Structure formats: C-alpha cells, structure tokens
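Reader: I would like a close look at one chain of this model. Please go through how it is divided, how its helices pack and what it touches.

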Amino acid sequence: MASLPARPAIAARVPLAGGVVVLYLSVIVLLPLAAVTAKAFDGGLGEFWEQVTQPQAVAALKLTIGVSLIVTAINVVMGTLIAWVLVRDEFRGKGFVNMLIDLPFALPTIVAGLTLLALYGSRSPVGLNVAYTRVGLAMALLFVTLPFVVRAVQPTLQEVDRDMEEAAASLGAGPWTTFRRIVLPNLRPAIVAGSSLAFARALGEFGSVVLISGNLPYKTEVGSVYIFGQIENDNVTGAAAVSVVLLLAAVLLLAAAGRIGRR
Amino acid sequence: MKALRFTALGYLAALILVPVGVIFYRTFERGVDAAWHSVTTPEAQHAFWLTLLMVVIAVPLNTLFGVTTALLLERRRFRGKSVLNSLIDLPFAVSPVVVGLALILLYGRTGWFGDWFADHGIRIIFSVPGMVLATIFVCLPFVVREVQPVLREIGTEQEEAARTLGASPAQTFWRITLPAIRLGVGYGVVLSTARALGEFGAVAVVSGHISGVTETATLRVQDRFESFDPVGAYSASVVLALMGAAVLLTMNILERRRRKVA
C-alpha cells in the first residue's frame, strides 16, 4: 500500500468511492436512525422519560432484558457444548448436524416461530403447550440465536493446542478440571463475542416471537412487540422512545464486547 | 463423552429438527393437493414474487456496496475509517421493528420527507419502495463482513506485483482481487439472500399488509395463520423452508471449497 509509487488514477477514485459508500450508508442506515432518535426527544427529555416509564413499556423492557439474559446464558452453555461435540466427538451424521446449526440463519423467523408452535402449541403432538407463555418466548429466542455461540467457539476450539490438555491430564487433572482450567480460558474471547451477538439479537427479535408469545401485555410482550403495538396505536413518540432504549442497549453491548474481544 | 453427545444432539432435535419436521407433516396431513392449491393461488404467487423482488433488488445493491466498502476499509487509509467500520454493524444492533418505524418517520405521511414525496406522487410507506428500503437496511452488513477478513488474509503482495507489472487498477481488481475474494463474496451473498427472503418485522411495519399487493411470503405466513388457515400458513412456510434449505446447501458447498483453498 504505502510502499507503492504514487497512483493518481486510484487516488482520484478513493474520494469518489468513499463518497458513494458514505452516502449509501447515510441514506439507508444513519438517516433513518437519526429520525427515530429525533422523534424520541421531540417533546423534550421529560416526554421521553414519561414514554419509557409507562408501566407497560417498563414491563416490556424488563421482560426483554431478563429473557435475553436467560437465553444468552443457556446459549453459552449449550453453544459451547455443541461446538465441543462437533469438534472433539466423532459420530455418523456429524456433517448433517453441523449444517443444521446454520438453519436458524437460513429459515425465516416467522417460520421458526410457526414450527415451534406446531410442536409445542395447543395442538402439540407431544402434549407440551408453551404457547402464549414466557417459556415459549424463550424457546423462540433460543431457536434464532443458536448459531452465534456455536459458530464463534467452533473455529477457536479447532485451533486450540491439545498438548496443554494432555499435560494437565497426565499430571492427574480430571476432564472437568482440564476443561475449566485449560480449555475454557482459551475459549473465553470467542464465547464473549458469540454470546454478545446472541444477546443483541434477542433484544430486538420480533418475527419468531410474534406468533408463539401471544403478545400479552405485562406477561409475554417484549420490547419489539410493544413498539409494533405503539406504531399501530399511533403513539409514534412512545414507539421511538422505547426504540432508542433498545438501540442504545444493543450498541453499548456490542461496543463493550468488541473491546473485550480485542484485549 | 456419550452423555455430552446425547445432550447436544437432544437439544438440537428438540429445538430445531423435530419442529421443522412437524411443519412438513402438518402441511401434507390433509393431502398434497390442499397444500399445493394453497401456495398457487394468485395471492400466494404474488407474495412469492414480491419476496423474490426484494432479494433481486437488495442483494446486488448490498453486494456492490459491500465489496467497495471492504476494499476501502482494508486497502486504503482515510480519516474516519474506524468510525465507518463500526457503523457497518449497526443494522445487526437494530430491531427490525425499529427499522420499519424509522422509515415511517422519514417517508410516512408526517415524516421528514413525507410532503415532498406526496407532492411528487411517490408512495414509499405501505408500498413496495418502503419494503425494499427495509430489506436493504437489514441485510447491509453481510457482504462487507464476509469479504473483509478474506481481503486481510490474502494480503497485498499479488496486487502490488500486478501493479508494478503495469496492470491498471481495474485490471488488478478483476484479474487478481476479485478471483481471490470470490468465495467470501459468495458467502456474503448467500447470507444476504437468506435474510432478505426471510425478513419479517421491518417489512411488516411498512407494508400495510395488503394481500396480493404488498404482502411478501413471510407476511403471508402470518396472515394465513391469523386467518385460521393453518394449511395456508404451513404450506407457505414449507416453501420458505425449502428456500432456506437451498441456502444451507449453498453455504455448505462454499464452506467446503473455502477449506480446500485454505
């Protein structure tokens, strides 16, 4: 790059390409988000505060954060476990299972919700009905966030040097101790990266929860569904205020995770 | 080890494999004809056509943007680079519903540009252009994020060699850079396609749900389900799931090729 002789042709193109990129990003992403933020503070800070402290909004935000935390915690455990099995275990059909992990990325979220409802809804063939409950809500979020931790941990686990584990084992450490003291520290950055993506996704998820959660205020209504309801009731300011809270939470989280990841 | 394997596989079966299997069973439990009829009505066909239209507009635009942005971020130095880099991820942090709300606030009746577009007779909200904008928003980061690491990995040696041998920037890009990043681009395109096919929340807010006009395939699934037409909902879901399966297979093939190259 810097070692090359001057390239006037390219130098002239950088501002042009850069300008187009910034313009595109501004029109598609930044301007719309600016409009939401402006709307949220349209009536001043007092109005914003009043909107986000509406009892129904508070309940929705609390539920969103609570259920996202639980879902993320389950993902940390199960995602790491699944990655472990995919890397260290050998069994028939492993290729298929590996492919299955990406299914939540490939399947439309509304279909994900419907599939869960078909198995665990009111006509459940296994006699388990979680429709319109918080358990159903959590399952929908677990479905759509499954790939994040698995796909973050898997490549790291593949690269981990197994000498240290063997040394620990030969010195008498049990499998659990070896995992906790040797493997886990190596996986920590990947787990943090994957789980923060899962958490951010859970905070804003809409399509998969809309059918299974039943959207009962104070019970199963999450933030995104609350925002949707406020738009339909023409309370756009309230919708924008809660949107800003969700947006801020996700942005701060991803920024913090990025810093931890780089360390 | 066996216990771990059973836990992992049991979890995946209960959460993903069996539910998806049940959808297929439910679709065809009243015969193939009912399902077939349900996905071939004019409204259903329009919905699938509209979904494809979203993909065909959003994915190429984001691919162009993605490759250009990745090249800028990895091959050039300019002020504000790290800001640009972190802004790319914003769509991943935004709830789809918020995307829809944002578009209403810009282009809706009382939005910032609402009057201007109304005066010129252009309808964006509750119409296809708004749905396209929503789709472009949600799948914007994929190509950038898939191409960037590949560019970093291949380094600049070959590009520099081509340049010193007298290749023009365009020649260098088409002959050296693009062939080297093509699998990354392909992977990004596949991920964007999946997201564009499946987008629900953002499109739901700005579409207005007019069957046969602004109803995409995913919106139709919800509409059929809430109209007590389970076969309609399940059969449209199966079509979407088959599209998803095609996406998965393509991902798998690209991944295998990538491993072979590496």
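Author: The domain assignment splits chain B into domain 1 (1-30) and domain 2 (32-261). These bounds come from an automatic or database domain assignment. This is a predicted model: local features need pLDDT of at least 70, side-chain atom pairs count only at pLDDT 80 or more, and totals for chains, interfaces and linings use all residues. Residues are numbered from 1 along each chain as its sequence is written, while chains are lettered from A and ligands numbered from 1 in the order in which they are written.

The C-alpha centres of domain 1 of chain B and domain 2 of chain B are 29 Å apart. Seven residues of domain 1 of chain B are in contact with 10 residues of domain 2 of chain B (C-beta atoms, placed from the backbone, within 7 Å). On the domain 1 side, four of these residues are nonpolar, one is polar and two are charged. Here Ala, Val, Leu, Ile, Met, Phe, Trp, Tyr, Cys and Pro count as nonpolar, Asp, Glu, Lys and Arg as charged, and the others, Gly among them, as polar.

Now the whole of chain B. It has 14 helices and zero strands. Both are DSSP runs, numbered from the N terminus: helices are H or I with at least four residues, strands E with at least two. The C-alpha atoms of chain B fill a box of roughly 65 × 65 × 30 Å along the principal axes. Of its 262 residues, 48% count as buried. Buried means 20 or more other C-beta atoms within 10 Å of a residue's own, exposed 12 or fewer, and partly exposed in between, with C-beta atoms placed from the backbone. Among contacts in chain B with a separation of 6 or more, 75% join residues 24 or more positions apart.

Next, two helix pairs. Helix α3 (residues 42-75) of chain B packs on helix α8 (residues 128-138) of chain B at about 45°, with axes 9 Å apart. That makes α3(B) oblique to α8(B). Angles under 35 degrees count as roughly parallel, over 145 as roughly antiparallel, 65 to 115 as roughly perpendicular and the rest as oblique. Axes are lines fitted to C-alpha atoms, for helices over the stretch in contact, and angles run from 0 to 180 degrees between N-to-C directions. α3(B) passes α8(B) in a right-handed crossing. A crossing is right-handed if the near helix is turned clockwise from the far one by less than a right angle, left-handed if anticlockwise. From α3(B), B:Met54, B:Ile57, B:Ala58, B:Leu61 and B:Asn62 make the contact; from α8(B), B:Met131, B:Val132, B:Thr135 and B:Ile136 do. Seven of these residues are nonpolar, two polar and none charged.

Helix α10 (residues 157-164) of chain B meets helix α11 (residues 169-198) of chain B at about 145°, with axes 10 Å apart. α10(B) also passes α11(B) in a right-handed crossing. B:Gln158, B:Glu159, B:Ala162 and B:Arg163 of α10(B) touch B:Thr172, B:Arg175, B:Ile176 and B:Thr177 of α11(B). That contact has two nonpolar, three polar and three charged residues.

Last, the partner chain. In all, 64 residues of chain A are in contact with 69 residues of chain B. Helix α1 (residues 8-40) of chain A gives the most to the chain A side, with 16 residues. That side divides into 54 nonpolar, seven polar and three charged residues.

Definitions and conventions. Two residues are in contact if their C-beta atoms, placed from the backbone, lie within 7 Å.
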